[in-house]
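These are my notes from a session with one structure. I list what I looked up, entry by entry.

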Amino acid sequence: MSDQPGRPPRKPGKPHRRPKKDAVRILAFEALRAVDERDAYANLVLPPLLRKAREKGDFDARDAALATELVYGTLRRQGTYDAIVSACIDRPLREVDPPVLDVLNLGVHQLLGTRIPTHAAVSASVELARVVLGDGRAKFVNAVLRKVSQHDLDAWVERVAPPYDDDPDDHLSVVHSHPRWVVSALWDSLGGGRAGIEDLLEADNERPEVTLVARPGRATAEDVLAEVGEDSGLPGRWSPYAVRLAEGGEPGSFDIVRSGRAGVQDEGSQLVAIALANAPVEGRDEKWLDGCAGPGGKAAMLAGLAAERGATLLASEKQPHRAGLVAKALAGNPGPYQVIAADGTRPPWGPETFDRILMDVPCTGLGALRRRPEARWRRRSEDLEGFAPLQRDLLRKALESVRVGGVVGYATCSPHLAETRAVVGDVLKQFAGAELVDARPLMEGVPALGEGPDVQLWPHLHGTDAMYLALIRRTA
């Protein structure tokens with residue numbers, strides 16, 4: 001008998017089954033698609049997705065932790081996983097649709113980068129594919145992941161990475177999942193042999209600590225530690241204002257953060273602001289400028305430190321919406337300050353106005369690949385050409401804007417030599433009345449700061465983002 005009039009009888013076989021919807025993996029897939037399709041950053045996309053899932057009652061803390069690991073782990077290891085998937089298919093990787101590749105890489109990460117059992121990793125990934133891609137593509141995902149599951153990560157890397165002796169840069173690129181040009185640039189900046197660059201690339205692939213900053217004049221590190229608790233917080237390594245959160249700590253859960261007395265800020269960023277604030281100046285010390293102030297972390301530190309000395313801070317940011325973030329970060333500062341939306345290459349202030357200037361210029365962001373792993377795949381070496389004129393213009397204007405005897409701090413969150421020493425060297429050749437100040441003594445207790453006078457911080461040596469700082473005193 002047929003199921004319905006006019007329809008033939010059903011053929012015997014497996015009954016049709018709707019795919020099971022796995023909320024964790026669907027959310028991870030949605031985050032990866034947003035990163036790819038909208039050029040979004042995972043650290044901006046993921047929190048609202050997790051918040052929405054918790055509000056719906058779909059998620060608990062363990063679900064959120066797994067979703068976070070799947071997203072960041074997949075993004076960090078994308079280059080290695082792409083090479084492995086490429087070895088398991090019979091077509092060029094570029095011919096695989098991006099959504100399919102996202103599902104595959106999520107599955108590969110579960111197989112090779114987590115402790116999820118093989119059967120569970122494959123079956124969960126195939127179910128995800130059925131939900132978001134359809135049955136046909138799910139079969140392709142199943143076939144590829146079964147091939148991947150035949151070897152562990154070390155065995156796969158040995159198969160897909162070229163030998164180190166034949167091509168060191170390409171070997172490190174595949175093994176440590178960084179584009180070749182980034183490997184080469186980081187190695188040039190770091191110097192030294194194989195061990196150092198491997199340590200750096202490995203550090204880029206580790207989950208960074210969340211670091212809080214006690215904003216000067218509003219809170220102390222002891223205040224933050226008292227609220228966070230000994231089980232959840234540790235003092236910073238180098239900054240007297242830093243508190244490191246234990247894994248899984250949520251900054252927004254603490255009143256001291258919600259009130260703005262403390263914020264989230266990498267310790268390297270804190271060190272840059274402290275060094276600029278403590279650099280010796282000749283004569284008065286009343287007017288400070290943060291010339292590229294968005295989103296406001298360094299500005300909030302500088303405003304507090306300035307207030308303690310009776311100085312004022314002008315925080316300038318070109319983008320109005322980012323200037324709004326700066327104003328929010330500075331709200332409640334105990335001393336006088338001002339926030340404006342202005343272009344530092346065409347400043348509204350006159351020459352020789354300030355005693356101290358911080359110019360943390362726009363850059364490729366290669367120093368923060370731990371926090372924004374997708375940036376390594378998004379950036380291209382050609383991007384350096386776009387940033388170069390702006391970086392030089394901003395530094396030149398800063399030197400014109402500081403008075404004789406005052407100090408400019410040139411900072412970037414990139415260790416690329418084209419964004420650091422090359423910029424400083426070129427500008428100083430053109431601006432005769434300026435000299436470098438040794439920044440190393442102003443980061444007291446921090447080891448391995450190099451030959452100076454500038455400073456380059458490193459994730460593998462200092463546990464910070466790869467911040468660069470050159471201090472320049474105007475002499476004429």
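I take two strands as paired if DSSP finds at least two bridges between them. The model I worked on is predicted.

Entry 1, the hairpin. With that criterion in hand, I looked at β2 and β3 and found a hairpin that joins them through 6 residues. Strand β2 covers residues 233–235, runs antiparallel to β3 and is joined to it by 3 bridges. I noted Gly-233 standing opposite Leu-245 of β3. I then turned to β1, residues 210–214, which is also antiparallel to β3 and has 4 bridges to it. There I picked out Val-213, whose bridge partner in β3 is Ala-242. I also checked the faces of β3, residues 242–245: Ala-242 and Arg-244 are buried on one side, Val-243 and Leu-245 on the other, and both faces are covered.

Entry 2, a helix. I went to α6, which runs over residues 118–132 and has 15 residues. From first C-alpha to last I read 21 Å, close to the 21 Å expected at 1.5 Å a residue. I listed its buried residues, among them Ala-121, Val-122, Ser-125, Glu-127 and Arg-130. What covers them? The cover of the buried residues of α6 includes α1 (23–38), α5 (98–112) and α7 (135–148). Just after α6 I marked Gly-134, which takes a positive phi of about 105°.

Entry 3, the annotated binding site. The UniProt record, an unreviewed entry, gives a "binding site" that includes Cys-292, Ala-293, Gly-296, Lys-298, Glu-317 and Asp-360. I took two of its positions for a closer look.

Ala-293 sits in the loop between β5 (287–290) and α15 (297–308). Its relative accessible area is 3%, so I count Ala-293 as buried. Apart from residues within four places in sequence, Ala-293 contacts Ala-299, Ala-315, Ser-316, Glu-317 and Val-326. Glu-317 is itself covered by the "binding site" annotation from UniProt.

Gly-296 is in the loop between β5 and α15 as well. I count Gly-296 as buried because its relative accessible area is 1%. With neighbours within four places in sequence set aside, its contacts are Val-326, Ala-329 and Leu-330. I next asked how far the C-alpha of Gly-296 is from that of Lys-328. The separation is 8.1 Å, and the two residues are 32 apart along the chain. Lys-328 belongs to helix α16, residues 320–330. Is Lys-328 buried or exposed? Its relative accessible area is 68%, so Lys-328 is exposed.

Entry 4, the annotated active site. The UniProt record, again unreviewed, places the feature "active site" at Cys-413. I located Cys-413 in the loop between β9 (402–412) and α19 (421–430). The cut-off for buried is under 20% relative accessible area. Cys-413 has 16% and is therefore buried. Leaving out residues within four places in sequence, I found Cys-413 in contact with residues including Asp-360, Cys-363, Gly-365, Asp-465 and Met-467. Asp-360 also appears in the UniProt "binding site" annotation.

Entry 5, disulfides. How many disulfides does the structure hold? I found 0. Cys-413 is in no disulfide, and the nearest cysteine sulfur, that of Cys-363, is 5.8 Å away. The cut-off for a disulfide is two cysteine sulfur atoms within 2.5 Å. I also looked at Cys-88, which counts as buried because its relative accessibility is 6%.

Entry 6, two threonines. Thr-412 is in strand β9, and Thr-420 is in the loop between β9 and α19. Thr-412 has a relative accessible area of 0% and so is buried. Thr-420 has 1% and is buried too. I followed their side chains next. That of Thr-412 reaches the backbone oxygen of Ser-414 at 2.8 Å, and that of Thr-420 reaches the backbone oxygen of His-416 at 3.1 Å. Not counting residues up to four places away in sequence, Thr-412 touches Thr-420, with Asp-360, Cys-363 and Tyr-468 also among its contacts. On the same basis, the contacts of Thr-420 include Tyr-410, Thr-412, Ser-414, Gln-456 and Tyr-468.

Notes:
Residues are numbered from 1 along each chain as its sequence is written. This is a predicted model: local features need pLDDT of at least 70, side-chain atom pairs count only at pLDDT 80 or more; totals for chains, interfaces and linings use all residues. Side-chain values use heavy atoms; hydrogens and water are left out. UniProt positions are given in the numbering used here, feature names are shortened, and annotations may be inferred rather than shown by experiment. Buried means under 20% relative accessible area, exposed over 50%, partly exposed in between (1.4 Å probe, protein chains only). Contact means heavy atoms within 4.5 Å. A polar contact is a pair of N or O atoms within 3.5 Å; within protein, one must be able to donate a hydrogen and the other to accept it, and residues adjacent in sequence count only if both atoms are side-chain atoms. The expected span of a helix is 1.5 Å times one less than its number of residues.
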